[in-house]
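Here are my notes on the structure, set out as numbered points so that each can be checked against the model on the screen. Please read them with the sequence beside you.

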Amino acid sequence: MGDAQRLTPEQQIAFARESFENADDLTVAVEEEFALLDPDSLELTNRFEELQAAAAGTELEEHLVGELIASEIEARTGRCELFGEAAERMVERRAQLGALVDAHGVALSSTGTHPWSRWQDQRIIDTPHYRRNDEVLRYVVWRNNSFGLHTHIAVRGADRAIAVCNAFRNVLPELLALSASSPFVEDVVTGLHSARTQIFTRMFPRCGVPDEYDGWDEFEHYVRFLYDTRSIDEHTQIWWSVRPHLAFPTVEVRICDAQPDVRDAQSLAALTYALGARFARAIDEGEPLPSLPHRLIEENVWRAIRFGLSGELIDFETNDVVPARARIERLIDWVAPVADEIGAAPFLGIPAANAAERQYARLSELGSHREVFAELVRAPERVA
């Protein structure tokens with residue numbers, strides 16, 4: 001994501017298809033985005049390049065990347081065979097990143113939005129990729145001061161990868177409801193549970209819930225159309241909430257808010273991974289999967305944005321409105337046959353309250369969203 005695309009569109013499309021056909025099936029990787037903060041004011045601070053330079057030559061270097069603004073940093077697990085390994089690396093990366101920022105007097109947070117820092121004060125990082133996005137999107141990209149958790153699931157077979165993406169469309173609202181962590185932005189108590197999703201998916205082009213595609217050929221036809229019409233000049237300018245990643249043979253699930261608590265992050269990534277594996281098995285065995293129209297999925301996406309885990313989602317099999325928690329419990333039951341095989345089972349579960357619910361609860365006690373956020377910040381530890 002951090003550099004300009006090196007292959008021509010034709011080369012990239014051909015490479016992606018070949019990579020999917022030969023992928024190591026059902027490996028997993030997790031990416032977590034963190035806000036870089038001034039430890040005194042808790043404002044976003046533009047320190048990414050300094051931290052990136054400081055990580056050079058360390059174990060963290062290859063797993064640390066920039067993500068749009070200089071006050072944001074992304075840590076990656078790298079490819080893992082089973083989820084237990086990914087879960088360990090998530091803890092390890094947070095510890096490594098913590099040590100790095102401690103040494104430079106930088107604080108960290110991991111919620112979907114910063115509650116009050118102004119987007120006008122954030123600087124776009126100086127890479128060809130992000131310079132190009134700045135040129136193309138302007139105000140749209142300037143406003144996107146948001147932080148997420150992305151899970152990559154390798155899927156062997158190009159058509160199979162598209163089928164897994166199609167299946168993920170139907171459960172994006174449940175994953176968002178579980179992950180919601182961004183009730184505060186622009187110094188406002190928004191009343192939403194995921195302000196990040198409202199800002200990002202409603203402003204960016206080619207974002208949110210994608211269409212369903214009848215195999216790789218139809219998807220490829222659309223990507224070629226975007227290149228041919230000069231709508232995009234890099235494949236990463238398709239910002240859907242779930243997408244086939246053309247640089248890796250993975251299905252990338254991008255709907256989730258960043259998580260303050262690593263245990264919640266592990267649980268969220270475990271469920272996403274288990275869903276991907278369960279979808280792949282269903283496809284292989286000819287098990288029917290839902291095929292919901294975009295307009296219905298969006299109804300549940302809005303409910304997840306507004307009420308998160310506290311709210312209700314529509315069960316489209318019955319047209320009943322049910323608690324979001326019940327929908328997620330049902331998904332956990334459904335993935336159980338594969339969760340143990342891929343090492344995800346020990347990490348599955350629903351917290352008593354997710355990050356947004358906990359923030360609203362503390363707001364009622366403290367009366368200040370800034371004080372609520374301050375409790376979630378990882379302050380620098382003293383370094384000898």
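1. I begin with the aromatic residues, where F20, Y213, W216, F219, Y222, F225 and W240 form one cluster. The rings of Phe, Tyr and Trp (its six-membered ring) are paired when their centres lie within 6.5 Å, and planes under 30 degrees apart count as stacked, over 60 as edge-to-face and the rest as tilted. The model is a predicted one, in which local features need pLDDT of at least 70 and side-chain atom pairs count only at pLDDT 80 or more, while totals for chains, interfaces and linings use all residues. Residues are numbered from 1 along each chain as its sequence is written, and side-chain values use heavy atoms, with hydrogens and water left out.

2. How many aromatic pairs does the structure hold? There are 17 of them. One is the pair of F168 and F279, which is edge-to-face, with 5.1 Å from centre to centre and 80° between the planes. Because F168 belongs to helix α6 and F279 to helix α10 (residues 262–285), this pair ties together parts that are 111 residues apart in sequence. Helices (H or I, at least four residues) and strands (E, at least two) are DSSP runs, numbered from the N terminus. F168 is buried, with a relative accessible area of 0%, and F279 is buried as well, at 4%; here buried means under 20% relative accessible area, exposed over 50%, and partly exposed in between (1.4 Å probe, protein chains only).

3. Within the aromatic cluster, which includes Y213 and Y222, the rings of these two tyrosines have their centres 6.0 Å apart and their planes at 35°, so the pair is tilted. Y213 counts as buried at 11% relative accessibility, whereas Y222 counts as partly exposed at 23%.

4. Is helix α7 (residues 172–179) enclosed or open? Eight of its eight residues are buried, so the helix is largely enclosed by the rest of the structure. Among the buried residues of α7 are the charged E174 as well as L172, P173 and L175.

5. The search of the whole structure finds 35 salt bridges, a salt bridge being a side-chain nitrogen of Lys or Arg within 4 Å of a carboxyl oxygen of Asp or Glu. D24 forms one with R79, the closest N and O atoms being 2.9 Å apart. This pair links distant parts of the chain, since D24 is in the loop between α1 and β1 and R79 in the loop between β3 (69–76) and α3, 55 residues apart. D24 is partly exposed, with a relative accessible area of 39%, and R79 counts as exposed at 53%.

6. Two further salt bridges deserve a look. The side chains of R76 and E74 meet at 2.7 Å, N to O, and E74 counts as buried at 1% relative accessibility. R358 and D264 form another, with their closest N and O atoms 2.8 Å apart; R358 lies in helix α13 (residues 355–366) and D264 in helix α10, so the pair ties together parts that are 94 residues apart in sequence. Of these partners, R358 is partly exposed, with a relative accessible area of 33%, while D264 is buried, at 15%. Elsewhere, salt bridges that share partners join E10, R17, D217, E220 and R224 into one network.

7. Two residues have a positive phi although they are not glycines: L26, at about 65°, and R230, at about 55°. L26 is found in the loop between α1 (9–21) and β1 (28–37) and is buried, with a relative accessible area of 16%. R230, in the loop between α9 (216–228) and β9 (239–240), counts as exposed at 74% relative accessibility.

8. For a sense of distance, the C-alpha atoms of A86 and R230 are separated by 38 Å and stand 144 residues apart along the chain. A86 is placed in helix α3 (residues 83–102) and counts as buried at 0% relative accessibility.
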